[in-house]
Amino acid sequence: MNRASLEKRPDDVARMFDDVAARYDLVNDVLSAGQVRYWRRIVVAAVDAHRGQRVLDLAAGTGTSSEPYADAGVDVVAADFSPGMLEVGRRRRPDITFVQADATALPFGDDEFDATTISYGLRNVNDPRQALREMLRVTKPGGRLVVAEFSRPTFAPFRTVYTEYLMRAIPPIARAVASNPDSYVYLAESIRAWPDQDQLAGWLVEAGWTDVQYRNLTGGIVAVHRAIRPTVTAAGTVDTSAVDTGSVTTPSS
Ligand SMILES: C[S@@+](CC[C@H](N)C(=O)[O-])C[C@H]1O[C@@H](n2cnc3c(N)ncnc32)[C@H](O)[C@@H]1O
């Protein structure tokens with residue numbers, strides 16, 4: 001091994017990420033031709049966290065997605081279930097709080113975070129809809145969710161070229177640079193099997209998030225979904241007056 005199958009058994013997924021941890025960030029840069037840095041900047045802007053706020057970066061891996069928050073003085077918690085990824089993260093950024101956590105059963109109380117975010121992690125979670133419910137639970141009412149995930153390119157000819165890249169080019173490139181090249185076959189397969197932008201937006205709504213919107217990046221290779229946890233009124237009813245429940249917009253990339 002080690003590569004997980006599309007069944008995404010948690011032990012297999014965690015072990016696979018343990019194995020890629022050592023060269024994870026380098027491989028990301030190479031496979032995305034540097035685009036990953038631009039995608040990360042968009043996510044940080046969408047999370048819009050400020051000093052004094054608490055942010056959960058779920059499936060944080062080596063903490064690369066958590067660093068900009070820590071650098072801005074935001075109290076960020078980097079949570080992941082792969083001991084190998086966490087170890088690399090703790091070594092690289094001892095100032096960041098890393099917590100071993102399964103996205104489907106988070107070890108945090110209700111309403112703990114001003115914002116919750118997950119970058120390139122949800123696709124790997126065995127039960128992503130349960131993870132979206134858990135993220136809702138730990139986020140404060142009125143708090144924000146930002147999900148970055150690979151998605152479906154919107155322009156059909158580009159989609160064809162991209163799918164070829166995923167299936168044919170990634171494995172040989174990964175063999176040259178990755179510590180566990182086989183896992184990059186899983187990467188390609190899992191991206192192809194993942195729901196498109198609208199389906200994922202529907203999952204967010206189903207989980208209880210409101211004001212769901214998404215933005216396509218690099219022609220839809222990546223989509224960034226944003227949503228708000230509804231507030232609850234004194235009468236115990238959900239107040240969605242300030243938000244547009246379930247609306248999905250697609251500003252141009
Ligand atoms: C592709 S990495 C993303 C890491 C980081 N967010 C980034 O942007 O570089 C995906 C991460 O999801 C984690 N993961 C997968 N399933 C998980 C689960 N059920 N609970 C917690 N973490 C999970 C893996 O361990 C891995 O570190």
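The protein, which comprises 253 residues, has a radius of gyration of 17 Å, in agreement with the value near 18 Å that a compact globule of this length would have. The structure is a predicted model. Along the principal axes, the C-alpha atoms occupy a box of roughly 60 × 45 × 30 Å. Nine helices and nine strands are found in the protein.

The packing of the chain was examined through burial and contacts. Of the 253 residues, 45% are buried. Among contacts in the protein with a separation of 6 or more, 66% are between residues 24 or more positions apart.

Confidence in the prediction was considered next. The mean pLDDT of the protein is 89, and a value of 70 or more is reached by 91% of the residues. Over residues 241-253, in contrast, pLDDT stays under 50. The model nevertheless has 26 contacts beyond four places in sequence for residues 241-253. Where pLDDT is low, predicted coordinates should not be read in detail.

The surroundings of the ligand were then described. The ligand is surrounded by 23 residues, of which Ala 59, Gly 61, Ser 65, Ser 82 and Ala 103 come nearest. By residue class, the shell around the ligand consists of twelve nonpolar, nine polar and two charged residues. Helix H1, which spans residues 10-20, contributes four residues to this shell, and this is the largest share.

Methods:
Residues numbered from 1 in each chain as written. Predicted model: local features only at pLDDT ≥ 70, side-chain atom pairs only at ≥ 80, totals over all residues. Near = placed C-beta within 6 Å. Helix = DSSP H or I, 4+ residues; strand = E, 2+ residues; numbered from the N terminus. Nonpolar A, V, L, I, M, F, W, Y, C, P; charged D, E, K, R; others polar. pLDDT = per-residue confidence, 0-100. Contact = placed C-beta atoms within 7 Å. Rg over C-alpha atoms; globule rule 2.2 N^0.38 Å. Buried ≥ 20, exposed ≤ 12 C-beta atoms within 10 Å, placed from the backbone.
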